[in-house]
Amino acid sequence: MVTLHCAKPKGRELVAYGDLYGASGGTAVTGLGRVSTARLGKPGTAKPLARAQGSCVALRDISVAGSGTSGIMEYPADPDAPQTNCYLVTGAGKPGYGLYAYYGVAAKDFESTGFGGPDHDSVVATAPCPRAGHEAVFALYRLYDPDTRSEPVAHYSAAFARSALKAFAGHEAEQRGCGDVRIMDPT
């Protein structure tokens, strides 16, 4: 994700996203992958939660028993990034839950697309962030695997999701100088 502040019209921002699916050759695909992973790390390698040092570090003390996950894929900690991601993965190495923190322009963009709605297995939180110029948004989603056309985590645990998001968002908010995290009511 890249955010650019625009001079004209003043106060506007451009948010650009890029996703890399598959690595089936081609100079452009390889180059995009190299540029993307050089800054954000390589999320294709799972490791035990106890070894978290980057974006998933706040979850080291969370019990994953019954969550359907046993490891993480994380990105290096970056206090200036407009978005932070952490993935909890299954024993098969599939991302089962995604935790996301959005700041500034990225938070505004996320809010404009909605928070997922009641038909999604998710939980959302917010926190005031004076330095970011906008309230931060934190979200946890149970993920879908298009390869298997199913969720890698068979059973969504709302209690686990709230606990994991509270730890993740609390740590992120503290690192960024944000205020208290508020978990949003799913209704």
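Start by selecting Cys86: with a relative accessibility of 0%, this residue counts as buried. Keep in mind as you click around that the model is predicted.

**Stop 1: the disulfide at Cys86**

Now add Cys56 to the selection. A disulfide joins Cys56 to Cys86, with the sulfurs 2.0 Å apart. Cys56 sits in the loop between β3 and β4 while Cys86 belongs to strand β5, so the bond ties together parts that are 30 residues apart in sequence. Cys56 is buried too, at a relative accessible area of 0%. Look down the S-S bond of Cys56 and Cys86: the torsion is about 120°, so this disulfide is right-handed.

**Stop 2: zoom out**

Switch to a cartoon of the whole chain. You should be able to pick out three helices and nine strands. Tracing along the sequence, the order is β-β-α-β-β-β-β-α-β-β-α-β. If you colour by burial, buried residues come to 37% of the 187 in the chain. As for the surface, the chain exposes about 10,800 Å², and carbon and sulfur atoms supply 54% of that. Of the contacts with a separation of 6 or more, 55% are between residues 24 or more positions apart.

**Stop 3: strand β4 and its neighbours**

Select residues 71-74, which make up strand β4. In a regular strand, side chains alternate between the two faces of the sheet. Which residues of β4 lie on each side? Gly71 and Met73 are on one side, Ile72 and Glu74 are on the other, and all four are buried.

Next, bring in residues 47-48, strand β3, which pairs with β4 in the antiparallel sense over two bridges. To see one of the matched positions, click Pro48, whose bridge partner in β4 is Gly71. Then add strand β5, residues 83-89, which runs antiparallel to β4 and is joined to it by four bridges. Here Met73 has Tyr87 as its bridge partner in β5.

While β3 and β4 are still on screen, show the side chains of Lys47 and Glu74. They meet in a salt bridge, 2.9 Å from N to O. Lys47 is in strand β3 and Glu74 in strand β4, 27 residues apart, so to speak a link between distant parts of the chain. Buried or partly exposed: which is each partner? Lys47 is partly exposed at 23% relative accessibility, whereas Glu74 counts as buried at 12%.

**Stop 4: Ser67 in the loop**

Stay between β3 and β4, and select Ser67 in the loop that joins them. At 1% relative accessibility, Ser67 counts as buried. Show its polar partners: a polar atom of the Ser67 side chain lies 2.7 Å from the backbone oxygen of Val64, and the side chain also makes a polar contact with the side chain of Thr69, again listed at 2.7 Å. Leaving aside residues up to four places away in sequence, Ser67 touches Tyr97, Val153 and Phe160.

**Stop 5: helix α2**

Move to residues 104-113, helix α2. Which of its residues are buried? They are Gly104, Val105, Ala106, Ala107 and Phe110. An α-helix has 3.6 residues a turn, so residues three or four places apart point the same way. Step past the end of the helix to Gly114, where phi is positive, near 95°.

**Stop 6: the second disulfide**

A search of the whole structure finds two disulfides, so select Cys129 and Cys178 for the other one. Their sulfurs are 1.8 Å apart. The torsion about this S-S bond is about 105°, so the disulfide is right-handed. Cys129 is in the loop between β7 and β8, and Cys178 is in the loop between α3 and β9, which puts the two 49 residues apart. Cys129 is buried at 5%, and Cys178 counts as buried at 15%. With bonded cysteines counted along the chain, the pattern is 1-2, 3-4.

**Stop 7: more salt bridges**

The structure holds five salt bridges. For one of them, select Asp145 and Lys94, whose closest N and O atoms are 2.9 Å apart. Asp145 lies in the loop between β8 and α3, and Lys94 in the loop between β5 and β6, 51 residues apart. Asp145 counts as buried at 8%, while Lys94 is partly exposed at 29%.

Finish with Glu135 and Arg182, whose side chains meet in a salt bridge at 2.3 Å, N to O. Glu135 is in the loop between β7 and β8, Arg182 is in strand β9, and 47 residues separate them. Glu135 is partly exposed at 27%, and Arg182 is partly exposed at 39%. Last of all, add Asp147 to Lys94 and Asp145: salt bridges that share partners join these three into one network.

How values were computed. Residues are numbered from 1 along each chain as its sequence is written. This is a predicted model: local features need pLDDT of at least 70, side-chain atom pairs count only at pLDDT 80 or more; totals for chains, interfaces and linings use all residues. Side-chain values use heavy atoms; hydrogens and water are left out. Buried means under 20% relative accessible area, exposed over 50%, partly exposed in between (1.4 Å probe, protein chains only). Two strands pair if DSSP finds at least two bridges between them. Contact means heavy atoms within 4.5 Å. Accessible areas come from the Shrake-Rupley method with a 1.4 Å probe; for residues, only the protein chains shown count as cover. A polar contact is a pair of N or O atoms within 3.5 Å; within protein, one must be able to donate a hydrogen and the other to accept it, and residues adjacent in sequence count only if both atoms are side-chain atoms. A disulfide is a pair of cysteine sulfur atoms within 2.5 Å. A salt bridge is a side-chain nitrogen of Lys or Arg within 4 Å of a carboxyl oxygen of Asp or Glu.
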